[in-house]
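Me: I would like a close look at one part of this model: the place where the two chains meet. Please take it step by step, and add what you can about the parts of the second chain that lie around it in the description.

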Amino acid sequence: MRLKLVPESTNVNFFGITYITVGLSAMAMVASVVLFLTMGLNYGIDFMGGTTIRTDSETTVDVGVYRDALTPLNLGDISITEVTDPTRPDLNVAQIRIQAQDGAQAITNETIQAVKAALTEADSTITFPSVESVGPKVSGELVWTAVEAVVFAVLAVLFYIWLRFEWQFSVGAVLALIHDVTLTIGVFSLLQIKFDLAIIAALLTIVGYSLNDTVVVFDRVRENLRKFKTTPLQDVLNLSINETLSRTVMTSVTTLIALISLFVLGGDVIRGFVFAMIWGVLVGTYSSVFVASSVLLRLGVTRDKSKPDNTSGNQFANIDA
Amino acid sequence: MLQFPLWKKIVIWGICALGILMASPNLQYTQVEQYNDATAALEAGAEETPELAAMAAQWPSFLPSSLVNLGLDLRGGAHLLAEVQLGEVYAARMDDLWPSVRDALRGKRSEIGTIRRVDSPEDELHVRISKPEAIDAAVAAVRALAQPVVSLTSAGQTDIEVSSNGADVIVRLSEAEKLATDQRTLEQTLEIIRRRVDEAGTREPTIQRQGTDRVLIQVPGIGSAEELKDLIGTTAKLTFHAVVGRTSDQNARVQSRQIMLPSEDEPGIFYILEKTPVISGEQLVDAQAAFDQNNQAAVSFRLNPSGGRIFGEYTANNIGTPFAIVLDGGVVSAPTIRSHIPGGSGIITGRFSVEETAKLAIQLRAGALPAKVTYLEERTIGPELGQDSIDAGRIACIVAFAAVLIFMGLSYGTFGLFANVALIINVALIFGLLSAIGATLTLPGIAGIVLTIGMAVDANVLVFERIREELKSAKGPARAIELGYERAFSAIVDANITTLIAAVILFVMGSGPVRGFAITLGFGIVTSVFTAIWVTRLLISTWMQYRRPKTIEV
């Protein structure tokens, strides 16, 4: 007996609930933009400049003690968070974030040494597994490079799909992409997960993954459009999504299996990064089924009806000798 | 389509075998690393000790021994992004130019009157003449000093631009010369940083130029970024100046072309010095940690012939006056010249510890950084954190791998097993490729591999689903498989090229760990398409020929 996530043949009408799905997507996108504008992203030092210090101790982390130790140093805004990892309860790790100091320099050796000395005084078993500093000059550039990378990736893909398909497909795919990226930024704003350079990499992977799914559906649409020249577009789209549904679900599940094991076991350093990708796979799968095809349906496709297709609709429809 | 000619079979299995062979050293990472270090040491002519021989015997020499490089976030170490203050060099160039400008104008004293250097922006040289009506003659005299710029892109241009403003002759570097100077400064900085890092004896440092004025320095295994900054951060710029006076008033007035610098060993004391140095560090050829006659730690130095001659002349002409030894903006000592010092060697004494003199000697030998560097970005990752990440990544990889293998087996039966064999080969190929080109594996790179494990089966899933569909229209198994591959092909290509586009953009625009992720993702895409299209198909075709099934279930 085989494991079948999707029945052998499905005949779901994906456009029966267009109003609900399109409405949901639109609402989610608006909500994401509102969240982004009101709560904002929790930018990491890559984007804001500043210093983060990871501390590891043999005794339980007491954020208050750390704060008291650092206050006299007058370093401006300091945030201290305890890092928790359910798979490693013995972890006594904290993340200390210090705002960017004046000047283009990332941080001076004196400041780091003062911070380390103050913390060691408060807790003699403390060690500093990582110290990272980014100066304000570089962080500004990093933001721009990141934005450029995402925009450039979307444009490159738009162009490729336009080459391989028609422009309507390309618009559909890119709208689905914008949908995915917007929702990811929304969820990062909502949960206030640290948004750093690695998350940009995750965003671009989401772009790649979501496209992967969309392109597979589109490929089948293209094939079916040639096969059934007179069938209404909506039916062709429905048929194509149904035919590829099993594959869409299978691939999403294997990818999710891999990502979830990384999320649980991969350690706290990359958890945010993996979370972004898991979210991206979920949203990307949804968008390639509902968003991209809805856009395609709305835009319509120029079809070659010059040679009427005699076989469509009869029992020979699927046979090509 | 299902039939493979023999040569194709050989090529496919050959590539797989090669991939596995190239990947194999990574399974014994520590041993192979020690083997590599030991053989490298032996080849470099190190004496063969039992330990070295034992290390070199840990891995058979006929097997490949290139490993995946571990990134800083996995190995631990320090990362610095430094910006070179290129503008400082322009100021030094102007100072160097002043004596020849002075000599050129002095030759025309009758025509232009007396001359005087006046304060100016750092990168310009302003000379005031007492007869403003002869300014054109002065400009012409200075302009005659201009040299053609030696570079490919700026043929026909000269190194300085001379203009006038009232009674002032204004000299500045031309744009072409500035470009050439920037280029030289950056190369020199890179070279000096490389020498200093090498003198400290750390393994495999990365020292790269980035953009027009930046240097990226990555040193695995070093304790912290502060340590690295200490090593390369101080410019160790040594100059000798004539002393004008000594004061304890920090706000004492200094005349034009003079500077006031603090004394290093007497707090609160300041020296007023001639701004243009008599000798600068570029003329130094050697420096050694030494002891002076009172058995205090000191640094002995030797100058090159021209520096030695200038030093000799200067000491001969200025017996009885003090001169200052200035190191990085502080007066280390200001001895009085007792006698003529020929030969160009001497000793710097100050309040040094023995360690300090050793470090100072290294820095002086390696040469002074031509310009100050500021650090825009610095990261330190401790080796324990890196090891934790490797361990966590390894467990996550194994679990993800096992889960996907089981899932594929349950979903597609025999065909799932074929896909699993292909997946195992796929991961081996990724590691083989990474090792072969000496790519760097980072923590996001591990995430890329895990993601690839999940996504690599996609191409197989596409084919298998298609075969299922083709089977429904009641074709024979062989024909269904053939059509399945044929029809799924365009979807596989389009889907993977779009992901590859994202990976390439990440690689081009990203840096450090992000780039590591792009590499593993990109390789993963290429190898997964190879394994899905060739390896799985070859497995299926061999199986079909061997079993000749009447019906198949996918």
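Reply: What follows describes the interface in this predicted model, then some elements and single residues of chain B.

Start with the extent of the contact. Chain A contributes 75 residues and chain B contributes 69 residues. Together they bury about 6,300 Å² between the two chains, and 61% of that area comes from carbon and sulfur atoms.

The charged and polar pairs come next. Ten salt bridges are counted between chain B and chain A. One of the pairs joined by a salt bridge is B:Arg379 with A:Asp46, whose side chains come to 2.9 Å, N to O. By the polar-contact rule, 19 residue pairs are found across the interface, with both residues at pLDDT 80 or more.

On the side of chain B that touches chain A, the elements giving two or more residues are strands S2 (77-84) and S18 (373-381), together with helices H9 (225-233), H12 (383-436), H13 (443-472), H14 (477-509) and H15 (512-547). H12(B) supplies the largest share, 17 residues. By residue type, this side of chain B has 38 nonpolar, twelve polar and 19 charged residues.

The chains also pair through strands. Strand S5 of chain A, residues 127-134, is joined to S18(B) by five bridges, and the two strands run antiparallel. Within S18(B), B:Glu377 is the residue opposite A:Val134.

Two charged residues allow a closer view of the helices. A:Arg247 lies in helix H8 of chain A, residues 233-265. Is A:Arg247 buried or exposed? A:Arg247 has a relative accessibility of 2%, so it counts as buried, the cut-off being under 20%. Its side chain makes a polar contact of 2.4 Å with the side chain of B:Asp458. Leaving aside neighbours within four places in sequence, the contacts of A:Arg247 in chain A are A:Asn212, A:Asp213 and A:Val216, and those in chain B are B:Asp458, B:Val461, B:Leu462 and B:Glu465. A general point about helices helps when reading such lists: an α-helix has 3.6 residues a turn, so residues three or four places apart point the same way.

The second charged residue is B:Glu469, in helix H13 of chain B. With a relative accessible area of 18%, B:Glu469 is buried because the value is under 20%. Not counting residues up to four places away in sequence, B:Glu469 touches A:Arg220 and A:Glu243.

Now to a group of strands in chain B. Strand S3 of chain B, residues 115-118, pairs with S4(B) in the antiparallel sense over four bridges, and a hairpin of five residues joins them. B:Val118 is opposite B:His126 in S4(B). S4(B) is also joined to S6(B), again antiparallel, by five bridges; here B:Leu125 has B:Val171 in S6(B) as its bridge partner. S6(B) in turn is joined to S5(B) by six bridges, and these two run antiparallel. In that pair B:Glu161 stands opposite B:Arg172 of S6(B). S5(B) and S6(B) form a hairpin with two residues between them, and B:Gly166 in the turn has a positive phi of about 65 degrees.

Two of these strands are mostly covered. S4(B) has five of its six residues buried, so it is largely enclosed by the rest of the structure. S6(B) likewise has five of six residues buried, so it too is largely enclosed by the rest of the structure.

Helix H7 of chain B, residues 135-143, packs against this group. Its buried residues are B:Ile135, B:Ala137, B:Ala138, B:Val139, B:Ala141 and B:Val142. They pack against strands S4 (124-129), S5 (160-165) and S6 (168-173), and against helices H5 (87-106) and H6 (109-112), of chain B.

Two backbone features remain. Most residues other than glycine have a negative phi. B:Asn295 is not a glycine, yet has a positive phi of about 65 degrees. B:Asn295 sits in the loop between strand S13 (284-291) and strand S14 (297-303) of chain B, and is exposed, with a relative accessible area of 60%. B:Arg548, also not a glycine, has a positive phi of about 45 degrees. B:Arg548 is in the segment after H15 of chain B and is exposed, at a relative accessible area of 61%.

Note on methods. Residues numbered from 1 in each chain as written. Chains lettered and ligands numbered in written order. Predicted model: local features only at pLDDT ≥ 70, side-chain atom pairs only at ≥ 80, totals over all residues. Heavy atoms only, no water. Contact = heavy atoms within 4.5 Å. Buried area = accessible area lost by both parts, 1.4 Å probe. Salt bridge = Lys/Arg side-chain N within 4 Å of Asp/Glu carboxyl O. Polar contact = N/O pair within 3.5 Å; in protein donor to acceptor, adjacent residues only side chain to side chain. Nonpolar A, V, L, I, M, F, W, Y, C, P; charged D, E, K, R; others polar. Pairing = 2+ DSSP bridges. Buried < 20%, exposed > 50% of the residue type's maximum accessible area, 1.4 Å probe, protein only.
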